[in-house]
Every structure is written in C-alpha cells, then in structure tokens.
Amino acid sequence: MNYLNGENLSKDLGERILFENLDLSINKGDKIALVANNGTGKSSLLKILAQVEEPDNGIVRLRKGIRSAYLPQEPTFDEGTIQELIDHSSSHIMATIRAYEASLEAQTADYNTETQRAFEQASLAMDQADAWDFERKLKELLTRFTITNYDQPISSLSGGQKKRLAISLAILQNPDLLMLDEPTNHLDLDMIEWLEKYLSNSNMSILMVSHDRYFLDSVCNQIIEMTDGRLQNYSGNYAYFLEKKAEMEAAQAAEIGKAQQLMKTELEWMRRSPKARTTKSKSRISSFYDTEAKAKSGKKTQDLELSVKMSRIGGKILEIKKLYKAYDDNVMLKGFDYTFKKGERIGIVGKNGCGKSTFLNMIMDLEEADSGKINRGDTVVFGYYSQEGMKNLKPGKRVIDVMKDVAEVITLANGAKVTASQMLNLFLFPPQMQNQRVEKLSGGEKRRLYLLTVLMKNPNFLILDEPTNDLDILTLNKLESFLADFGGCILLVSHDRYFLDRIVEHIFVFEGQGSICDYNGSYTEYRIEQEIQAKQEKKAAKKEAADASIAKAEKEVTKTKMSFKEKYEFESLEKEIENLELEKANLEAELADNPTDFDIISKATERLGVVIAELSEKGDRWLELSELEG
C-alpha cells in the first residue's frame, strides 16, 4: 500500500539549486534513511514531504486516512507549560479525546437521541485510536525520557529536553508514517538504544535523516542516497548500502576507464579528418562523441583531508586529583582521580545532565571545581570542540574571514604550507562558498567550519564534546580516519556508538551522583559485559527464589508432628465444629417453621451466613491439622 508520493519536487535557494524534479514514494513497511552530504537539501526534502515546507515545484500526496507525524531537527513550541502543550496538542489522538469529552458533556447536559448518537461515535473513535489510556502511555514515555515535571515552562527546557518531548509526542500520535530529522541528536546512549529497539519493532513506516550508522543499520530496510539532486535507491540496511555503492562505483570506474582507452584510439582517427563522409564514418563519428561523453563522465570526488601539524607533547600531560563538583544535591564528581598517558584516547558516556560537559569545562578552566586539583603539562596544547563553541562563528562574517582569524597560512603534517583558502577547499568549502556569510551555511557546514578552526590551532590534546552532531557521513568517516591517526591524546563525549568504537579504547562511564566507572575497552565491549552481568544477576535472582521455595517446601514436608499448641487447637476445633453444625441445623429449622415472619427470617438468615463461613474456615483448619496428626 502506497502511503506517500512526492512528484517532480524542486527546491532552489537562489544561490544554488538543491534538487530538481525528484520523485519519491513511501509504502507500507518501508523504513527508509535519506543520506547525503551536508548542504545538499536532505532536511529540506524531508520538510517538503512532511508538508511543513513548500517546494518550488512539484506536489506531495498523502494517501487518504494515513496519519503522519514529523520530528524536526530543532523542535520549537509555543509558550506555556508542558501540560498545556499536551492539552492543546493538534495531534489526532488529542483531538479525538477532546471530541469525546465534549460529547460526554453534551449528553450529560441534554440527553437525547442526537447527543447519544454523537457520544457513541466519539466512543468508537476512542476505540479506533486506542486513546482510552493515552495519558498513562504519555506519562510512561515522558518518564522514560526523564520528563516528569509537567508544570515546567516550555521556555525553560534545554534543546535536548525539547527534542525528547517532541519525540514522545510524535510517537504517541501512533502514526502510520513517521518522519524523523536527526532523531538521535541530544539523546544519551540508553535513550538511543531504547528508541532503536522501539522503531525496529514498530509497524510504522519511517523516513529519516540520521548520521548514526548503528541506528541506521538496526532500524532501516532501505537507503536512499541523494547526490547532485538525484536519488539512488538501495534495498537493505546501511552496511548493505555501503557494500553495493562500492561495487557500483567500481563498475562505473571500470566502464569509464575502458571508454577513456577507446577514446584515445578514436581521437587519432578523428584528427585524420576522413574526407569520405560515408554512412559508416558518420556512425563512427557519432559513436566517438558518445564515447567521449562517457570518458569524461567520471567526476573527481572532492575529498576531505585532515592533516595538520601537531605540537610535540611532553611527559607530563594532565593530572586530575581528588576532583569534586556538585550543584546543590546534584553531584557531578566525587573524588575523581586520573593521570593521562601519552597517546591515550578516552570516551565519556552517561545520561544527560550527569556532568560530562561540566567535567570537560573544568579541564579547560571554564568552570571551577569545588575542590581538588587539575595539573596541566607545559607542552599541552588543547583543541576544544565544545557544544557552545558554534557561537564563536559570528553572523555576518564570510567563511574565509573566519578561517583567517585563526591563521593566514597553515602548516600540514608533512611540512607543506597552505593558505586559508586552500585549507577550506580541502574541507569541502569550494571557492564559491568561501565568500558566503556564516548564517547562510547549513547546520552541518557550520559544524565542519568550527571543527576546522579547532584543528588549525595544531593541538596535541583534543577534547571533543558531541563532535558528530549534524555532521554528514562523509565528514564523519574522514574525521574518524584523522582521529585514528592522531598522535596526541583524545578525550571525547559522544552518543555515536560507531564513532566511539572506532576511536576510543577506554571509557569513563558517568553513572550519576559522582560515580564514574573506569572501563578499559570499547563501548560495545562495555555494553556486552553489562548485558552478560545483567543476565547473570537475573539468573542468580531466579536461583535464589527457587532455592527459597524448595527450602520452604522441605520444611513443610519434614514437619510431621503437631506441637502441643496445635494439638490443643485440633481438639478445640472438633467441639467448635460440632456446636456450629448444631446451630446451623437449628437455624434452618427456624426458617422452615416461620416462612412468613420477616423479622425472624432476616435475623436467622444473617446469622446462618456467619455460621456457614465459620464452619468453612474451621473445617479447612481442621483438615490441615488432621494431616499432621496422620
């Protein structure tokens, strides 16, 4: 079943055309990732398909009856509290709930055929939308995303909290088609893994833009690559896409190589300018131009080169001694100790708000510790890529001027010197982009430019706080290659599991309230170990419960003799049961003799119920004790 069609879609920004005449269809069961380099229009295409942005040309058709939801990369909300946002949400479920409440109120105020029919229809709509326990589901999901204060003003939420709130509201619309723009940005690793499992197991059709390669591998069954304003479809997950793309590029390169060899031969023939323009020669001339077009069709791939000169680092690098930091009751660090060694590369993971960025800021002397010491080596040159550093890219400045503020000339690792313009070109900023204003760049392009300004300072100790956010996969791959060869120290915070696995060999796990687990290994190794430990703990708990149950049963089996107290109770029960049986018979006779006396019947019946209940209870206890008596 076809859910959505985009036909002949075009988008022109004025200074550049993003795409022209694109066609894209989404069917039931599709879980599609749209991949492309930054600035090529993938987010713009997603907005157009979600019908929150208009194309310059073309049309988007959503199948009638299909519900869709869209998660923007940077969600924005109206003023008010979280509860007010939920109550006034325009989602179809909230509209269904409000319609039901209105019909109930109308029926209560004036019960008639019309209000009854409206109430029945509203109740049916509640059934179809599965909206009866919407509030419970919503609060359960918001709690999972660490949002519990519904009276909190929207304006006080961080970017990460807004993203998590937007994800919760999108999921709870229970859409047939869910469109997501960078859903893993601002989420910690536990939340990413939960969302990954949820989307993988859901029946929703999905169209997403994401740079998280493990996430794409797990969730998607189709990849659509957007290159030069064209779409190329690959069935399978992201790993399959990489494999097939490499095969296709190798085949194309081989064809172009053959065409180039053939063109050399044909070019010599063409230069001899055959005088006889026979049908055969005209055909060969036509064939030559086809061969020439094929030979020249290979585009030189603009590659991202990261190769900067690194300052020499001495023996003393960075010592952290008994570091403490807390904000009221929220403890970030509690006596943390560590001495960095040459060439170490350490990843930092943990839930949002547990102190990861605060720790980096303290190392950079941007925040003060409550107590403890941070000793920095004299030869250490820090390169700090922070979440707040993007603010250093001032609007109104040209890209080339941003670069020249750092250095007019840069020395590469091999000793060669390049100008700021040449370095920008290597970083996928061609000459026509270098004179653009910073505010004209896409989010990913701004991050790439900011990353360049950090690396150009020739650091020997890189501190990176969420460097992968908004970077396209080409930039990520090249950044990973650079960091893999980087000879200095690396300390990075990231929620990108693939990035962590490629770069770091040591993990600091911020567990909350100042507790930090120092794990020597990759992130995936850490998670595997955690899962094994959780299974062992679960198995041990089951065994403990089974052992306790067996012990209880054995204790009951071994008990074959009554105590003195139980023997006395057993003998008393026989007399009590005998007296109750006699009273029961008398009450039944009294009822039979007075069939018309209401007072006698009422009192006798009430007492008979009590007697029967006591007989049952005492009879059960008598049987239990009689088994012990044998």
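**Figure 1. Strand β1 and its partner β4.** Strand β1 (residues 2–12) is joined to β4 by 5 bridges, and the two run antiparallel. Strands are DSSP runs of E with at least two residues, helices are runs of H or I with at least four residues, and both are numbered from the N terminus. Two strands count as paired if DSSP finds at least two bridges between them. Opposite Gly6 stands Val60 of β4. The model is predicted: local features need pLDDT of at least 70, side-chain atom pairs count only at pLDDT 80 or more, and totals for chains, interfaces and linings use all residues. Residues are numbered from 1 along each chain as its sequence is written, and side-chain values use heavy atoms, with hydrogens and water left out.

**Figure 2. The open sheet β2-β1-β4 and helix α1.** In this order 3 strands form an open sheet with antiparallel pairing. Because β2 (17–27) and β4 (57–62) stand at the edges with a single partner strand each, one side of each has no neighbour in the sheet. From one strand to the next the twist averages 10°. Helix α1 (residues 42–49) packs on the sheet and touches β1, β2 and β4, its direction making about 130° with that of β1. Contact means heavy atoms within 4.5 Å; axes are lines fitted to C-alpha atoms, for helices over the stretch in contact, and angles run from 0 to 180 degrees between N-to-C directions.

**Figure 3. Helices α6 and α7.** The axes of α6 (residues 159–172) and α7 (residues 189–201) come within 13 Å and cross at roughly 15°. The two helices are therefore roughly parallel to each other, a term for angles under 35 degrees. Arg164, Ile167 and Ile171 of α6 meet Met191, Trp194, Leu195 and Tyr198 of α7 in the contact.

**Figure 4. Helices α5 and α6.** The axes of α5 (residues 134–144) and α6 come within 10 Å, crossing at roughly 145°. On the α5 side, the contact is made by Phe134, Lys137, Leu138, Leu141 and Leu142; α6 contributes Leu165, Ser168, Leu169, Ile171 and Leu172.

**Figure 5. The open sheet β11-β10-β13 and helix α11.** Another open sheet has 3 strands in this order, with antiparallel pairing. Its edge strands, β11 (330–339) and β13 (371–376), each pair on one side only. The twist averages 20° from one strand to the next. Strand β10 (residues 318–327) is joined to β13 by 5 bridges, and Leu318 stands opposite Arg376 in β13. Helix α11 (residues 356–363) lies across β10, β11 and β13, at about 130° to β10.

Key
Angles under 35 degrees count as roughly parallel, over 145 as roughly antiparallel, 65 to 115 as roughly perpendicular and the rest as oblique.
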